[in-house]
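Hi everyone, thanks for coming. Today I'd like to walk you through one protein model, piece by piece. Let me put it up on the screen.

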Amino acid sequence: GCLALTRVPSWAVAVTAAPLAAAAAGNGIAAVAWSRGIPNPIVFESATHVAAFNLADVFALVGIVLLGTTLSTVSIRNRAKLIPPRRFVRALRQRLR
């Protein structure tokens, strides 16, 4: 998904995609490096639930929020450049056939 974002002509999207890409890489490296699974140094416990996060999870959550906001802003600012919905659906259908 992060590779597809390179097609968006906006430096803001590239910058905000970085934490998400770093999180994906961090979780992938951690899964390979530790034989017992991904370590979870941040643990929240209640009487009935346990939530465990690592630094890569935090970066993923921050990256998703930043990227969603940035993509929405870029899309709204450049809406004149977007393909009209009906033409887009038609082009997508033709491509999938």
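Let's begin inside helix H1, where the buried residues are Val13, Thr16, Ala17, Pro19, Ala23, Asn27 and Ala30. Before I go further, please keep in mind that this is a predicted model.

So how long is H1? The helix covers residues 11-33, which makes 23 residues. From the first C-alpha to the last, H1 reaches 32 Å, close to the 33 Å expected at 1.5 Å a residue. Now follow the helix with your eye until you get to Ala18. H1 bends there by about 30 degrees, and a proline, Pro19, follows within four residues. You've met Pro19 already, as one of the buried residues of H1.

Here's a little quiz: is Ala24 buried or exposed? Ala24 also sits in helix H1. It counts as exposed, because its relative accessible area is 52% and the cut-off for exposed is over 50%. Compare that with Ala23, which is on the buried list.

Let's move on to the strands. Strand E1 takes in residues 42-45 and strand E2 residues 50-53; they run antiparallel, joined by 4 bridges. Together E1 and E2 make a hairpin, with 4 residues between them. Which residues face each other here? Ile42 stands opposite Phe53, and Phe44 stands opposite Ala51. To tie this back to H1, the C-alpha atoms of Ala51 and Ala24 are separated by 19 Å, with their positions 27 residues apart along the chain.

Remember Ile42 and Phe44, please, since both turn up again on the surface. Along with Leu55, Val58, Phe59, Val62 and Leu66, they form a nonpolar patch with about 600 Å² of accessible area together. Where does this patch come from? E1 and helix H2, residues 55-77, each supply at least two of its residues. The largest share, 5 residues, comes from H2.

One patch member to look at is Val58, in helix H2. Val58 has a relative accessible area of 33%, so we call it partly exposed. Ser75 is found in H2 too, and with 35% this serine is also partly exposed. Now look across from Ser75 to Val8: they are 67 residues apart in sequence, but 9.9 Å apart in space, C-alpha to C-alpha.

Last stop, helix H3, at residues 85-96. How many of its 12 residues are buried? The number is 0, so H3 lies largely in the open. Its span agrees with expectation: 12 residues at 1.5 Å a residue should give 16 Å, and the end C-alpha atoms are 16 Å apart.

That's my tour. Thanks for listening, and I'm happy to go back to any part of it.

Conventions. Residues are numbered from 1 along each chain as its sequence is written. This is a predicted model: local features need pLDDT of at least 70, side-chain atom pairs count only at pLDDT 80 or more; totals for chains, interfaces and linings use all residues. Side-chain values use heavy atoms; hydrogens and water are left out. Two strands pair if DSSP finds at least two bridges between them. Patches are made of residues with over 30% relative accessible area and no salt bridge: like charges are joined within 9 Å, nonpolar side chains (Val, Leu, Ile, Met, Phe, Trp, Tyr) within 5 Å. Accessible areas come from the Shrake-Rupley method with a 1.4 Å probe; for residues, only the protein chains shown count as cover. A salt bridge is a side-chain nitrogen of Lys or Arg within 4 Å of a carboxyl oxygen of Asp or Glu. Buried means under 20% relative accessible area, exposed over 50%, partly exposed in between (1.4 Å probe, protein chains only). The expected span of a helix is 1.5 Å times one less than its number of residues. The bend at a residue is the angle between axes fitted to the seven residues ending there and the seven starting there.
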